[in-house]
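Biologist: I've got some time before my next gel finishes. Could you walk me through this one?

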Amino acid sequence: ADEIALLVGDAYYQKADYKTAAKYFTQYAEGKRSLDEVVQYKIAFTDYKNDNYKNAIANFKDLALKKTALGQSAAYYLGLSYLRENNKQFAPTAFDQARKNDFDKGVTEAATVKYAQVNYELGNFREVINSLTNFTKDFPDSEQGADADNLLSEAYFNSNNYPEAIRH
């Protein structure tokens, strides 16, 4: 019965029917001490898509520490989940973990910008500058290049580094 619940949950997950997938994933996971990493990720992502951020955080946390593509994605969504829970002080750590893993360049790019945005909102301008200084070199064709440039300019300005702000 557990395996059938997992298969049915996975089928709904693949169809992006996260509400129904959650029901079957919950049935599968009930009473289990540990889960396969891929299954745990799918459960966490399902929780994220269903606005169940507390459970998503709990499931993404363990995976986010892994030095794998799955771990990188989990760290990114962990950061987003923290933001949805208005937990800005934990989000930068998750985004930092995701941006430092280079398995998926798209996730690295998105995590770098999110990391800078949250640090900017928290007033950590030096960290914004450090994380975005090489952004255009690292991601020359980025759709987020303008956002990164604006954040970097604002960070220079707000850290009273006017010559760098003007130069940038």
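## Helices, charges and rings

Modeller: Sure, and keep in mind that this is a predicted model. A good place to begin is helix 6, where Lys-100 and Asp-96 sit 4 residues apart, about one turn of the helix.

Biologist: Which residues do salt bridges with shared partners join into one network there?

Modeller: Lys-100 forms a salt bridge with Asp-96, and their closest N and O atoms are 3.1 Å apart. Both residues lie in helix 6. Salt bridges that share partners make one network of Asp-96, Arg-99 and Lys-100.

Biologist: Is Asp-96 buried or exposed?

Modeller: Its partner Lys-100 counts as exposed, at 59% relative accessibility. Buried means under 20% relative accessible area. Asp-96 has 16%, so Asp-96 is buried.

Biologist: Over which ring does the charged end of Arg-99 sit?

Modeller: Arg-99 belongs to the salt-bridge network with Asp-96 and Lys-100. The charged end of Arg-99 is 4.2 Å from the centre of a ring, and that ring is Tyr-115.

Biologist: Where is Asn-101, and is it buried or exposed?

Modeller: Asn-101 is in the loop between helix 6 (91-100) and helix 7 (105-121). Leaving aside neighbours within four places in sequence, Asn-101 is in contact with Lys-66, Lys-67, Thr-68, Gln-72 and Thr-108. The relative accessible area of Asn-101 is 5%, so this loop residue is buried.

Biologist: Which residue caps the N-terminal end of helix 7?

Modeller: Look for a side-chain oxygen 2.9 Å from the backbone nitrogen of Gly-106. That oxygen belongs to the cap, Asp-104.

Biologist: Against which helices do the buried residues of helix 7 pack?

Modeller: Helix 7 has 17 residues and reaches 24 Å from its first C-alpha to its last, close to the 24 Å expected. Its buried residues include Val-107, Ala-111, Tyr-115 and Val-118. The helices that the buried residues pack against are helix 5 (69-84), helix 6, helix 8 (125-132), helix 9 (135-138) and helix 10 (145-158).

Biologist: Which residue forms a salt bridge with Glu-121?

Modeller: In this bridge the closest N and O atoms are 2.8 Å apart, and the partner of Glu-121 is Lys-88. The pair links distant parts of the chain, 33 residues apart, with Glu-121 in helix 7 and Lys-88 in the loop between helix 5 and helix 6. At 33% relative accessible area, the partly exposed partner is Lys-88.

Biologist: How many residues apart are Glu-37 and Lys-66?

Modeller: Glu-37 and Lys-66 form a salt bridge, with closest N and O atoms 3.5 Å apart. Glu-37 is in helix 3, Lys-66 is in the loop between helix 4 and helix 5, and the separation is 29 residues.

Biologist: What is the phi of Asn-86 near?

Modeller: Most residues other than glycine have a negative phi. Asn-86 is in the loop between helix 5 and helix 6 and counts as exposed at 68% relative accessibility. Its phi is positive, near 55°.

Biologist: And what is the phi of Ala-16 near?

Modeller: Ala-16 lies in the loop between helix 1 (2-14) and helix 2 (18-29). It is partly exposed, with a relative accessible area of 45%. Its phi is also a positive value, near 65°.

Biologist: Last one: how many aromatic pairs does the count come to?

Modeller: Ring pairs link a cluster that includes Tyr-13, Phe-25, Tyr-48, Tyr-77 and Phe-95. The count of aromatic pairs comes to 17.

Key: Residues are numbered from 1 along each chain as its sequence is written. This is a predicted model: local features need pLDDT of at least 70, side-chain atom pairs count only at pLDDT 80 or more; totals for chains, interfaces and linings use all residues. Side-chain values use heavy atoms; hydrogens and water are left out. Helices (H or I, at least four residues) and strands (E, at least two) are DSSP runs, numbered from the N terminus. Buried means under 20% relative accessible area, exposed over 50%, partly exposed in between (1.4 Å probe, protein chains only). Contact means heavy atoms within 4.5 Å. Rings of Phe, Tyr and Trp (its six-membered ring) pair if their centres lie within 6.5 Å; planes under 30 degrees apart count as stacked, over 60 as edge-to-face and the rest as tilted. A charge sits over a ring if NZ of Lys or CZ of Arg is within 6 Å of the ring centre and within 35 degrees of the ring normal. The expected span of a helix is 1.5 Å times one less than its number of residues. A polar contact is a pair of N or O atoms within 3.5 Å; within protein, one must be able to donate a hydrogen and the other to accept it, and residues adjacent in sequence count only if both atoms are side-chain atoms. A salt bridge is a side-chain nitrogen of Lys or Arg within 4 Å of a carboxyl oxygen of Asp or Glu.
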